[in-house]
Amino acid sequence: MITAIILVIFLIYVFIGLSLTKALFAPEKYVEWSEDEGREVTFPSSHHTLQGRVFNEEGKKGTIVFAHGMGLSAHYYRPEVLHFVNQDYRVMIFEYRGYGKSNGHFMSFRDAVKDITSAVEYFASQDSPLLLIGHSMGGYGVFSALDHIAPKAVIAYAPFRSPFSAMNVCAKRMGIVGRLAEIFLFPIQYLLHGTTADSSIIETINRSKTPMLILQGSNDKEVSIENCSVLKKKDRIHSELLTVRIVESDESNGHVTIVRKKGENTVNSETMAIVDEWIDHIM
């Protein structure tokens with residue numbers, strides 16, 4: 001009888017935890033691309049089929065795999081895609097499991113790492129230098145993917161350093177409700193991903209032989225310097241291959257404005273200038 005009660009309590013706990021996890025990682029509504037923009041592709045990741053879009057397939061300068069941020073669609077980064085296409089890069093941007101036309105459920109920041117790795121395995125070419133670019137969750141993902149692949153370079157806008165550090169910031173902003181949710185969310189992540197559930201990119205950065213660039217907004221509230229950013233643990237970073245640029249200007253120093261200035265639908269020219277200059281130096 002006691003065993004049965006414990007089992008029921010455990011199942012209820014898991015059900016609540018999974019429901020909260022689905023709610024936390026709920027994706028944004030899909031935004032359609034124009035039919036004349038790129039070519040739609042599908043590829044496998046674990047047991048899922050992901051959907052992406054390939055642009056400028058004959059691009060000679062290099063290959064870019066772009067990883068979008070949490071809650072945002074791939075289409076949000078259309079200006080960045082077209083910017084690199086105009087520089088003669090071959091670009092692929094895709095959506096994680098559960099996002100857009102990709103099937104399955106997105107349940108963890110570690111899912112993004114798996115999907116990014118699968119995208120590279122599907123799309124990368126040995127004849128073309130590979131660059132990984134990501135924003136926020138995508139930034140965490142492209143850095144974490146360095147444990148599995150070796151691109152020419154990695155660029156991350158506002159990456160958080162670990163899943164639990166980012167989830168903890170979200171919980172704090174929700175007050176007591178968020179604190180209660182953490183009781184369910186963190187154990188569920190271990191249930192889904194085991195010891196990798198809270199993998200930090202700090203040690204990945206230190207191990208990597210790849211040139212890396214981080215752009216961090218000085219007034220980023222979601223991935224703040226004082227909380228879940230990589231810079232919070234800068235004393236633990238000793239890689240000479242990592243470049244960090246702090247963006248200070250009011251129009252560009254937020255979590256989203258570092259990519260897209262408020263009210264604009266084009267690339268952030270300030271931060272893109274940093275990216276372009278760095279890539280030119282690396283390439």
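Here are four short exercises, with worked solutions, on a predicted model.

**Exercise 1. Meet helix α8**

Task: Work out how many residues α8 has and how far α8 reaches from its first C-alpha to its last.

Solution:
- Step 1. Helix α8 covers residues 269-282, and its number of residues is 14.
- Step 2. From first C-alpha to last, α8 reaches 20 Å.
- Step 3. Set that beside the expected span: at 1.5 Å a residue, 20 Å is expected, and the value for α8 is close to this.
- Step 4. Now look at the start of the helix, where a side-chain oxygen of N268 comes to within 2.9 Å of the backbone nitrogen of E270.

**Exercise 2. The buried residues of α8**

Task: Find which residues of α8 are buried, and what they pack against.

Solution:
- Step 1. The buried residues are T271, M272, V275, D276, W278, I279 and I282.
- Step 2. Their packing partners are helix α2 and the strands β4 (89-95), β5 (130-135), β6 (153-157), β7 (212-217) and β8 (242-247).
- Step 3. Take T271 as an example from this helix. T271 counts as buried because its relative accessible area is 1%, and buried means under 20%.
- Step 4. Leaving out residues up to four places away in sequence, T271 touches Y157, L215, V247 and I258.

**Exercise 3. Where α2 meets α8**

Task: Describe how the axes of α2 and α8 cross, and which residues make the contact.

Solution:
- Step 1. Helix α2 spans residues 78-86, and its axis comes within 13 Å of the axis of α8.
- Step 2. The two axes cross at roughly 35°, and the crossing is right-handed.
- Step 3. On the α2 side, the contact is made by E80, H83 and F84; α8 brings M272, V275, D276 and I279.
- Step 4. Sorted by class, this contact has four nonpolar residues, one polar residue and two charged residues.

**Exercise 4. Two more residues to place**

Task: Decide whether S229 is buried or exposed, and do likewise for L185.

Solution:
- Step 1. Find S229 in the loop between β7 and β8.
- Step 2. S229 is buried, because its relative accessibility is 0%.
- Step 3. Beyond residues up to four places away in sequence, S229 touches P159, R161, Q216, V223 and S224.
- Step 4. Turn to L185, which lies in helix α6 (residues 176-193). With a relative accessible area of 8%, L185 is buried too.
- Step 5. Residues up to four places away in sequence aside, L185 touches G17, L20, T21, L24 and M167.
- Step 6. Finally, go from L185 to V267, 82 residues apart along the chain: their C-alpha atoms are separated by 35 Å.

Conventions:
Residues are numbered from 1 along each chain as its sequence is written. This is a predicted model: local features need pLDDT of at least 70, side-chain atom pairs count only at pLDDT 80 or more; totals for chains, interfaces and linings use all residues. Side-chain values use heavy atoms; hydrogens and water are left out. Axes are lines fitted to C-alpha atoms, for helices over the stretch in contact, and angles run from 0 to 180 degrees between N-to-C directions. Helices (H or I, at least four residues) and strands (E, at least two) are DSSP runs, numbered from the N terminus. A crossing is left-handed if the near helix is turned anticlockwise from the far one by less than a right angle, and right-handed if clockwise. Contact means heavy atoms within 4.5 Å. Ala, Val, Leu, Ile, Met, Phe, Trp, Tyr, Cys and Pro count as nonpolar, Asp, Glu, Lys and Arg as charged, and the others, Gly among them, as polar. The expected span of a helix is 1.5 Å times one less than its number of residues. Buried means under 20% relative accessible area, exposed over 50%, partly exposed in between (1.4 Å probe, protein chains only). A polar contact is a pair of N or O atoms within 3.5 Å; within protein, one must be able to donate a hydrogen and the other to accept it, and residues adjacent in sequence count only if both atoms are side-chain atoms.
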